[in-house]
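Q: Please take a close look at a single part of this structure and set it in the context of the chain.

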Amino acid sequence: MRNSQRGITLLGFIIVLGVVGLFAYVGMKLFPMYSEYYSVRSAMKGLANEPGIANTEPRKIQDLFFRRLYISYSENVKPEHVKLKRVGAGWQMDVKYEVRKELIGNLDVVGKFESTQMLTRTGAVD
């Protein structure tokens, strides 16, 4: 009679568990970085929908942007990462920043994020 085995061995199970654990650990390190990036994108899109944003001064636009980021607990985007330049009747807002997180030992994860939004909406400011 032939003895057939089913399932995985203990060693196989430990290896699979280690690989899954490593991916989960890396995911836990990467998720906050991308969550912050989506907060930046959301804040920029929210600014683009503000009435009269095209006629607002750059300092005020930056202030409104960082107020929105403050709500999202964003801590890696600094004022020097935000550039505003006049394009036509509106503004082009560029946000470029880098996030570095420790991974394991002397290995780090570096995320470079860049986003551009046109702020062209005119209209009455409430």
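A: **The loop after the second helix and its surroundings**

In this predicted model, a polar contact of 2.7 Å links the side chain of Ser74 to the side chain of Glu36. Ser74 lies in the loop that runs between helix H2 (58-71) and strand E1 (82-87). Its relative accessibility is 18%, and Ser74 therefore counts as buried, the limit being under 20%. When neighbours within four places in sequence are set aside, the contacts of Ser74 are with Glu36 and Leu69. Glu36 thus appears both as the partner in the polar contact and in the list of contacts of Ser74.

The adjoining residue offers a contrast. Tyr73 is likewise placed in the loop between H2 and E1. With a relative accessibility of 74%, Tyr73 counts as exposed, because the threshold for that class is over 50%. Its backbone also deserves attention: Tyr73 is not a glycine, yet it has a positive phi of about 60°. Within this loop, then, Ser74 is buried, whereas Tyr73 is exposed.

The other contact of Ser74 leads back into the helix. Leu69 belongs to helix H2. Its relative accessible area is 2%, so Leu69 is buried under the 20% limit. Not counting residues up to four places away in sequence, Leu69 touches Ser39, Val40, Ala43, Ser74 and Val77. The contact between Leu69 and Ser74 is therefore one between two buried residues, given their relative accessibilities of 2% and 18%. Leu69 and Glu80 are separated by 11 residues in sequence, and their C-alpha atoms are 15 Å apart in space.

Another residue of helix H2 is Asp63. Its relative accessible area is 33%, so Asp63 is classed as partly exposed, between the limits of 20% and 50%. From C-alpha to C-alpha, Asp63 and Gly27 are 32 Å apart, with a sequence separation of 36 residues.

On the N-terminal side of H2, the loop between helix H1 (10-48) and H2 contains Ile53. Ile53 has a relative accessible area of 1% and is therefore buried. Leaving out residues up to four places away in sequence, Ile53 touches Leu47, Ala48, Ile61, Leu64, Trp91, Leu119, Thr120 and Arg121. Ile53 and Thr9 are 44 residues apart in sequence, and the distance between their C-alpha atoms is 63 Å.

These local details belong to a chain with two helices and three strands, arranged from the N terminus as α-α-β-β-β. The C-alpha trace spans about 85 × 35 × 25 Å along its principal axes. The radius of gyration of the chain is 23 Å, against a value near 14 Å for a compact globule of 126 residues. Buried residues account for 29% of the 126 residues, and Ser74, Leu69 and Ile53 are among them. Of the contacts between residues at least 6 apart in sequence, 58% join residues at least 24 apart.

The surface and charges complete the description. The accessible surface of the chain is about 9,300 Å², and carbon and sulfur atoms contribute 56% of this area. The chain has 18 positive and 12 negative charges, whose mean positions lie 7 Å apart.

Definitions and conventions:
Residues are numbered from 1 along each chain as its sequence is written. This is a predicted model: local features need pLDDT of at least 70, side-chain atom pairs count only at pLDDT 80 or more; totals for chains, interfaces and linings use all residues. Side-chain values use heavy atoms; hydrogens and water are left out. Helices (H or I, at least four residues) and strands (E, at least two) are DSSP runs, numbered from the N terminus. The radius of gyration is taken over C-alpha atoms; the globule rule is 2.2 Å times the number of residues to the power 0.38. Buried means under 20% relative accessible area, exposed over 50%, partly exposed in between (1.4 Å probe, protein chains only). Contact means heavy atoms within 4.5 Å. Accessible areas come from the Shrake-Rupley method with a 1.4 Å probe; for residues, only the protein chains shown count as cover. Lys and Arg count as positive and Asp and Glu as negative; His and the chain ends are not counted. The place of a charge is taken as NZ of Lys, CZ of Arg, CG of Asp or CD of Glu. A polar contact is a pair of N or O atoms within 3.5 Å; within protein, one must be able to donate a hydrogen and the other to accept it, and residues adjacent in sequence count only if both atoms are side-chain atoms.
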